[in-house]
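I am opening a notebook page on strand pairing, burial and backbone angles. The entries below follow the order in which I looked things up.

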Amino acid sequence: MATYRHDPEAAWFAAVRGGVILVVPSEAVDRLAELWSELGAGDPTSLVLDRLTAQGLAATPSFALVVRGDSPVSARVVVRGPITVRSASDEIHDAGVSSWVERVLDGSSSIEVVVDGGADDAAVPLPVVEAVVPLRSIVSDGVEPIVPEQSAPRAAAASVTPPAETKADPPVAPPAPVALPAPPAPPAPSAQPARVTAPVELTMVPDEETIAVPSATPSAPPALDASVDGDHDGMTVASVDIRRLREARAARGPVATPAGGAPAAPVTTAQASIRMPDGALEAIGHEVVLGRAPSVSKVSGGRIPRLITIGLGDPDISRSHVRLALEGDTVVITDLHSRNGTHVVAPGKAPVKLRSGEPTPVLTGTVVDLGGGWTIQVVDG
């Protein structure tokens with residue numbers, strides 16, 4: 001069960017439902033009502049970020065989102081603004097970035113969220129199972145059962161008496177409701193670039209001014225062969241051929257020479273990286289997922305993929321568009337059933353459209369076209 005310390009000034013509110021806690025300032029409390037039904041369905045991270053950033057980054061309110069998964073000792077945490085999320089062994093805050101920080105918090109089943117100004121230690125901790133409450137801090141000790149609701153609950157009153165014990169074990173009723181303060185009109189969104197490319201978990205950018213890109217038009221993607229009709233043409237290597245590709249590469253030695261082109265060095269585990277549209281290099285590591293609001297619903301091998309945002313706000317880029325992973329010394333790319341598909345252009349080869357959901361090995365120098373003019377390249381180092 002979660003416990004919270006009440007805020008009589010009602011400057012901050014939290015929606016608590018199941019394994020999810022979403023904290024926003026009072027001027028954004030209407031967002032909690034809009035998102036209430038979504039907070040009880042799986043991982044709502046992508047939907048919450050889409051809704052909170054709908055009017056642009058400059059108009060995005062401060063917030064903290066805690067999403068517990070199946071593991072009782074870890075949670076996905078997203079923080080923007082003067083809010084701190086901590087466990088017994090770790091602490092997360094935005095450190096002054098102009099976007100948000102996204103990490104996985106490990107090490108303790110108890111997670112505390114504290115808003116600007118800190119908790120009021122004199123306030124009595126009150127239990128909450130499923131409600132919207134005004135608060136200074138909240139401590140979550142696990143995932144509670146979700147009560148089916150037809151509409152969002154109202155905010156809790158300043159004075160609450162803990163619910164009486166019952167013979168059965170139904171979820172505890174939320175505190176008595178009071179009327180919410182009328183939120184002011186949201187500020188007019190400021191002009192923002194058509195696209196922003198930055199890694200989410202690396203805190204994206206240091207200040208608002210650095211969000212602007214030199215040109216709203218991204219670099220032109222490689223010209224696609226007119227003969228390519230968007231379907232698989234037999235040039236893509238399927239995932240079952242990865243083993244044979246490695247054996248052939250080992251037989252040829254450390255350098256593979258594509259037909260009609262210069263030798264292309266194989267990608268190595270220690271150096272495989274992605275060159276982003278702005279020229280920055282992002283290491284692939286174990287696995288990365290790219291998209292305009294990437295998220296992960298399943299984790300294999302206990303290692304969580306790194307999430308990188310590309311084409312933020314561009315409808316041509318899907319939320320989770322493509323995944324790149326290392327299998328041995330081979331970079332493998334998978335289109336995650338994106339809306340507009342993904343093309344790859346290997347050195348000296350014609351463009352090929354990937355089959356959705358099919359892992360495909362690629363070599364150093366391969367250009368990956370996600371659509372909308374957004375391209376990345378697999379490189380060494």
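**Entry 1: H337.** I looked up the accessibility of H337 in this predicted model. H337 has a relative accessible area of 62%, and it is therefore exposed, the cut-off being over 50%. I then placed H337 in the chain: H337 sits in the loop that links β18 (330–335) to β19 (343–345). Its phi is positive, about 55 degrees, although H337 is not a glycine.

**Entry 2: A10.** I checked a second residue for the sign of phi. A10, also not a glycine, has a positive phi near 55 degrees. I find A10 in the loop between β1 (2–6) and β2 (12–17). Is A10 buried or exposed? Its relative accessibility is 18%, and because the limit for buried is under 20%, A10 counts as buried.

**Entry 3: the β2–β3 hairpin.** I moved on to the strand pair that includes β2. β2 and β3 are antiparallel and share six bridges. The two strands form a hairpin, with two residues between them. In the turn I noted G18, whose phi is positive at about 60 degrees. For one bridge I looked up the residues: V16 has I21 of β3 as its partner.

**Entry 4: the other partner of I21.** I followed I21 to strand β4 (residues 63–68). β3 and β4 run antiparallel and are joined by four bridges. Here I21 stands opposite V66 of β4.

**Entry 5: burial of β3.** How many residues of strand β3 are buried? I get six of the six for residues 20–25, so the strand is largely enclosed by the rest of the structure. I then split β3 by face. On one side V20, L22 and V24 are buried, and on the other I21, V23 and P25 are buried, which leaves both faces covered.

**Entry 6: a six-stranded sheet.** I traced one open sheet of six strands and wrote down its order as β14-β13-β23-β22-β19-β20, with antiparallel pairing. Which strands stand at the edges? They are β14 (281–283) and β20 (352–353); each has a single partner strand, so one side of each lacks a neighbour in the sheet. As a reminder to myself, strands of a sheet pair through backbone hydrogen bonds, either parallel or antiparallel.

**Entry 7: the β20 edge.** I looked at how β20 is attached. β19 and β20 pair in the antiparallel sense over two bridges. One of the residues I looked up is V344, whose bridge partner in β20 is V352. β19 also closes the loop of my opening entry, where H337 lies between β18 and β19.

Conventions:
Residues numbered from 1 in each chain as written. Predicted model: local features only at pLDDT ≥ 70, side-chain atom pairs only at ≥ 80, totals over all residues. Heavy atoms only, no water. Buried < 20%, exposed > 50% of the residue type's maximum accessible area, 1.4 Å probe, protein only. Pairing = 2+ DSSP bridges.
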